[in-house]
Amino acid sequence: QGFDTPKPIPGSEGFDWAAFSPDGRRFISSRANPQGQQECVVHDLNTQETRVLSRDGRFLTPPAGEVAWLDNNRILLWDPAGNDAIVLNVDTGAVELPQGLPQESGYLFAPANGTLLVNQYLSDSDIWGLTVGEAP
């Protein structure tokens, strides 16, 4: 079988990368806003609506590939400005801090299976693993 011809996703102009939700209806990406600042956004493929994601009134700017969907509403991401990992509900904006994660963590790697791997240079182990639970 062959492949379909790739088609642009309407409303996604200027996005840098994409992490699709498990149901495939939305994706997280980043883009430069009109002032030239990077901002993290969620884009709905059905409605073509794009919303900017923020934390405490400031833009979230996770590096590409450092966002993982935990379910169809929550993402796990590294917040460089806060120097911490957070679980963000993309519908409500609610932020949770994963419990058990070393505070002075370094770089986040977030595979899609809900396991968070963090580089952290403060103990005998340079890599920490944490499985993130279900939504309350």
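A residue counts as buried when its relative accessible area is under 20%. By that criterion six of the six residues of strand 8 are buried, so this strand is largely enclosed by the rest of the structure. The model described here is predicted.

**The sheet containing strand 8**

Strand 8 belongs to an open sheet of four strands, ordered 7-8-9-10 and paired in the antiparallel sense. The edges of this sheet are strand 7 (67-69) and strand 10 (95-96), each of which pairs on one side only. In a regular strand, side chains alternate between the two faces of the sheet. Both faces of strand 8 are covered: R74, L76 and W78 are buried on one side, and I75, L77 and D79 are buried on the other.

Strand 8 (residues 74-79) pairs with strand 7 through three antiparallel bridges. A hairpin of four residues connects strand 7 to strand 8. Across this pairing, W69 stands opposite I75, and A68 stands opposite L76. Strand 8 is also joined to strand 9 (residues 84-89), with six bridges in an antiparallel arrangement. There, D79 has D84 of strand 9 as its bridge partner.

**The sheet of strands 1 to 4**

Another open sheet consists of four strands in the order 1-2-3-4, again with antiparallel pairing. Its edge strands are strand 1 (19-20) and strand 4 (50-52), and each of these pairs on one side only. Within the sheet, strand 2 (residues 26-32) and strand 3 (residues 38-44) are paired over seven antiparallel bridges. A32 faces Q38 of strand 3 in this pairing.

**Aromatic contacts**

The count of aromatic pairs is two. F15 and F27 form an edge-to-face pair, with 5.7 Å from centre to centre and 75° between the planes. This pair links distant parts of the chain, since F15 lies in the segment before strand 1 and F27 in strand 2, twelve residues apart. Both F15 and F27 are buried. The rings of F20 and F27 have centres 5.2 Å apart and planes at 50°, so this pair is tilted. F27 has a relative accessibility of 3% and counts as buried, whereas F20 is partly exposed at 43%. Together, F15, F20 and F27 make up one aromatic cluster.

**Salt bridges**

Six salt bridges are found in the whole structure. Among them are the following.

| Salt bridge | N to O distance |
|---|---|
| D91 and R26 | 2.6 Å |
| D91 and R51 | 4.0 Å |
| E96 and R74 | 3.6 Å |

D91 lies in the loop between strand 9 and strand 10 and R26 in strand 2, so their salt bridge ties together parts that are 65 residues apart in sequence. D91 is partly exposed, with a relative accessible area of 41%, whereas R26 counts as buried at 6%. The contact of D91 with R51, which lies in strand 4, ties together parts that are 40 residues apart. R51 is partly exposed, with a relative accessible area of 27%. R26, R51 and D91 are thus linked in a network of salt bridges.

The salt bridge between E96 and R74 connects strand 10 with strand 8, so it ties together parts that are 22 residues apart in sequence. E96 is partly exposed, with a relative accessible area of 33%. R74, at 5% relative accessibility, counts as buried.

Note on methods:
Residues are numbered from 1 along each chain as its sequence is written. This is a predicted model: local features need pLDDT of at least 70, side-chain atom pairs count only at pLDDT 80 or more; totals for chains, interfaces and linings use all residues. Side-chain values use heavy atoms; hydrogens and water are left out. Two strands pair if DSSP finds at least two bridges between them. Helices (H or I, at least four residues) and strands (E, at least two) are DSSP runs, numbered from the N terminus. Buried means under 20% relative accessible area, exposed over 50%, partly exposed in between (1.4 Å probe, protein chains only). Rings of Phe, Tyr and Trp (its six-membered ring) pair if their centres lie within 6.5 Å; planes under 30 degrees apart count as stacked, over 60 as edge-to-face and the rest as tilted. A salt bridge is a side-chain nitrogen of Lys or Arg within 4 Å of a carboxyl oxygen of Asp or Glu.
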